[in-house]
There are 2 protein chains.
Amino acid sequence: MTQIHQGAPRIGLPEVDARLAAFFTERSEQATRYGSEYQRLWSSARSASEGGKRIRPGFVLSAFDAIGGEASGVATAADAVDTAVAFELLHTAFLLHDDVIDGDTVRRGRPNVAGEFAGDAAARGIDGERAALWGETAAILAGDLLLHAAASLIARLDVPSPTRTALLDLLDHSIFVTAAGELSDVSYSLRLDEARLPDVLAMTERKTAAYSFAGPLAAGAMLAGAGGDVLAALGEYGRLLGIAFQLGDDLLGVFGEEDATGKSIVSDLREGKETSLIAYARATSAWPTIEQHFGRPDLDHDDGRRLAALLDACGSRAFVEGLVAEYADAAVAALAVPGLPLSLTDELSAVARSCVGRIA
Amino acid sequence: MTQIHQGAPRIGLPEVDARLAAFFTERSEQATRYGSEYQRLWSSARSASEGGKRIRPGFVLSAFDAIGGEASGVATAADAVDTAVAFELLHTAFLLHDDVIDGDTVRRGRPNVAGEFAGDAAARGIDGERAALWGETAAILAGDLLLHAAASLIARLDVPSPTRTALLDLLDHSIFVTAAGELSDVSYSLRLDEARLPDVLAMTERKTAAYSFAGPLAAGAMLAGAGGDVLAALGEYGRLLGIAFQLGDDLLGVFGEEDATGKSIVSDLREGKETSLIAYARATSAWPTIEQHFGRPDLDHDDGRRLAALLDACGSRAFVEGLVAEYADAAVAALAVPGLPLSLTDELSAVARSCVGRIA
């Protein structure tokens with residue numbers, strides 16, 4: 001997302017990166033007392049936190065700045081940066097545990113924590129199954145450490161007690177809801193529950209929108225002393241935008257240009273991921289054909305393109321593209337409340353519009 | 001452990017159980033909005049928190065009461081109960097993730113979270129591997145939720161800001177150190193690192209003593225406004241007692257009477273767990289014989305008794321029994337500081353002595 005800077009220089013993502021770096025440097029130094037494996041764990045956790053787009057910190061800082069920043073007298077810029085870092089650490093923790101659950105050992109094109117530890121164990125002569133266990137151990141522990149670090153950062157903010165309580169409520173809720181979404185996601189991929197379209201949308205809202213969009217925006221606004229109407233509007237915007245964003249990701253995961261997105265167009269289909277595209281297709285006459293290939297572990301690139309063509313022909317693609325536009329429009333409409341600064345409304349509207357037509 | 005009550009009735013473990021029950025009831029009610037699987041997750045997490053001896057809450061309350069309790073003006077009894085509950089939730093979270101790492105599906109004689117979810121999936125026709133994945137997913141998420149709940153409880157304490165910061169430092173340290181110990185434990189059991197006796201003792205201190213003994217005692221003392229000397233003494237006592245306690249568990253795990261302890265005398269040996277007994281035996285002439293059976297997946301009860309006899313004959317048992325007594329003595333000696341109330345010194349000395357000769 002783009003941050004709009006007007007007038008005096010404001011805090012931005014470089015400050016977030018610096019704070020994250022300081023956090024990991026401090027922990028890595030402490031870890032030296034606990035042996036080389038633990039040092040490696042922290043170094044690997046640090047890598048896991050790098051390379052992301054810093055969407056969540058960007059939302060925290062944008063909301064804080066636009067609504068009044070330090071001038072509101074509730075929190076300092078450093079508090080906002082700490083909160084932004086907390087949401088990024090939370091995100092990294094969720095990715096780490098999500099990868100354990102999915103059995104993934106690669107993230108952003110390189111070995112993740114589990115992959116790095118498993119690879120090291122294998123290089124030291126440990127058999128495959130035990131090497132994988134070592135990788136999972138490291139990833140579970142790294143996720144635990146970062147999950148806790150997020151809460152610890154929020155808990156230490158030197159802000160008025162009601163603000164800290166509100167932020168803790170928000171963090172509790174974000175984690176509570178994300179876990180619910182993750183559980184649903186796995187239950188659908190294991191076919192323990194039937195994934196109809198409303199279920200997939202609810203799962204998306206819980207697993208992604210809450211902690212990635214609604215939470216960071218509300219947190220930044222709270223730190224600038226925003227009132228209930230503004231918080232409610234940002235929460236609703238975040239909820240709707242998060243769904244639009246994830247639906248856009250579902251489209252990219254099947255119809256995207258791999259060169260441009262860096263995202264495989266086969267992995268969602270190979271894993272049998274229950275996306276909105278699939279939920280729609282299930283109710284069409286094309287499903288029996290799609291079903292023969294969907295979730296096949298040996299699916300190759302050409303198979304992926306053929307399945308994409310079927311999902312296009314049966315109307316899934318147009319349907320989901322329509323949903324993205326609807327959710328993005330609804331997100332923009334949710335911003336129409338008094339008290340929300342025009343600069344923030346403009347910025348967030350632009351973000352919402354950027355979700356539409358991301359493939360083109 | 002025994003709590004000593006003198007004079008006016010004081011808070012105790014029933015209040016801890018009531019607060020834990022209220023926590024789980026509230027979360028379970030919130031979970032009803034997120035589907036039956038999520039309700040089951042919370043119900044299963046609640047079961048995971050039941051049946052323990054509440055050692056950690058007992059330490060928090062004993063230290064708080066003995067050092068001055070509410071009269072110190074730092075915290076209320078309710079704050080102490082919340083802190084006690086936080087350490088119990090932290091403990092449950094660690095058990096849940098430890099079980100995932102160890103691949104265990106039973107805890108305290110009944111299916112744990114992973115076992116319950118895997119069993120349910122299997123009953124619904126899901127194959128073994130995918131059912132196990134469902135169990136792991138549930139246990140990872142339940143652990144995450146309880147780990148976060150522990151931090152959230154501490155963060156919300158209405159105590160002076162320096163006290164809350166000190167408690168957060170303690171919690172950060174407890175989690176940081178426990179993760180280091182868990183990583184070492186797994187690296188030893190996978191034979192990635194060689195486990196010499198000092199390493200096993202250091203691992204024990206990190207994995208168990210810090211969050212189970214030193215942390216709760218220091219937390220209770222902080223809530224009663226204890227000074228640095230008292231905190232240091234309790235921390236050192238906890239560190240030493242935690243090691244004595246775990247060494248006692250290692251003895252029970254091989255030489256105990258299963259009927260009395262409810263603990264298998266084969267599982268440690270079957271799993272190839274690197275305990276102090278094994279670390280000592282490795283350096284004796286009995287090791288080549290022990291090594292042939294140690295870690296054998298098909299080890300039965302009679303094999304276990306034969307291995308126990310070998311560990312006795314080679315001197316491991318006497319050596320570790322001596323270590324328990326030494327650590328327990330050192331723990332008691334650490335309590336000799338001015339400012340520690342006699343009632344607490346007496347109680348903690350009794351706890352330390354109870355670690356010695358637990359088998360008899």
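What separates the centres of domain 1 of chain A and domain 2 of chain A, taken over C-alpha atoms? I looked this up at the outset and found 22 Å between the two centres. The model I am working from is a predicted one.

**Entry 1. Domains of chain A**

I noted the division of chain A into domain 1, residues 1-225, and domain 2, residues 227-355. I then turned to the contact between them, to which domain 1 of chain A gives 27 residues and domain 2 of chain A gives 26 residues. On the domain 1 side, I listed α3 (55-67), α7 and α8 (197-223) of chain A as elements that each supply at least two residues. The largest share of that side comes from α8(A), with 14 residues. By class, I recorded 17 nonpolar, 8 polar and 2 charged residues on the side of domain 1 of chain A that touches domain 2 of chain A.

**Entry 2. Overall form of chain A**

I counted 16 helices and 2 strands in chain A. Its radius of gyration is 21 Å, close to the 21 Å that the globule rule gives for 360 residues, so I describe chain A as being as compact as a globular protein of that length. I also took the extent of the C-alpha trace along its principal axes, which is about 60 × 55 × 35 Å. Of the 360 residues in chain A, 53% are buried. For contacts in chain A between residues at least 6 apart in sequence, I find that 74% join residues at least 24 apart.

**Entry 3. Contact between the chains**

I looked next at where chain A meets chain B: 39 residues of chain A are in contact with 39 residues of chain B. On the chain A side, the elements that give two or more residues are α2 (36-48), α4 (77-102), α6 (128-155) and α7 (161-189). I sorted this side of chain A by class and obtained 23 nonpolar, 9 polar and 7 charged residues.

**Entry 4. Arg54 in both chains**

Most residues other than glycine have a negative phi. I therefore made a note of Arg54(A), whose phi is positive, near 55°, and which counts as buried because 21 other C-beta atoms lie within 10 Å, where 20 or more suffice. I located Arg54(A) in the loop between α2 and α3 of chain A.

I checked chain B as well. Arg54(B) is not a glycine, yet has a positive phi of about 55°. Its place is in the loop between α2 (36-48) and α3 (55-67) of chain B. I entered Arg54(B) as buried, with 21 C-beta neighbours inside 10 Å.

Terms used:
Residues numbered from 1 in each chain as written. Chains lettered and ligands numbered in written order. Predicted model: local features only at pLDDT ≥ 70, side-chain atom pairs only at ≥ 80, totals over all residues. Helix = DSSP H or I, 4+ residues; strand = E, 2+ residues; numbered from the N terminus. Rg over C-alpha atoms; globule rule 2.2 N^0.38 Å. Buried ≥ 20, exposed ≤ 12 C-beta atoms within 10 Å, placed from the backbone. Contact = placed C-beta atoms within 7 Å. Nonpolar A, V, L, I, M, F, W, Y, C, P; charged D, E, K, R; others polar. Domains from an automatic or database assignment.
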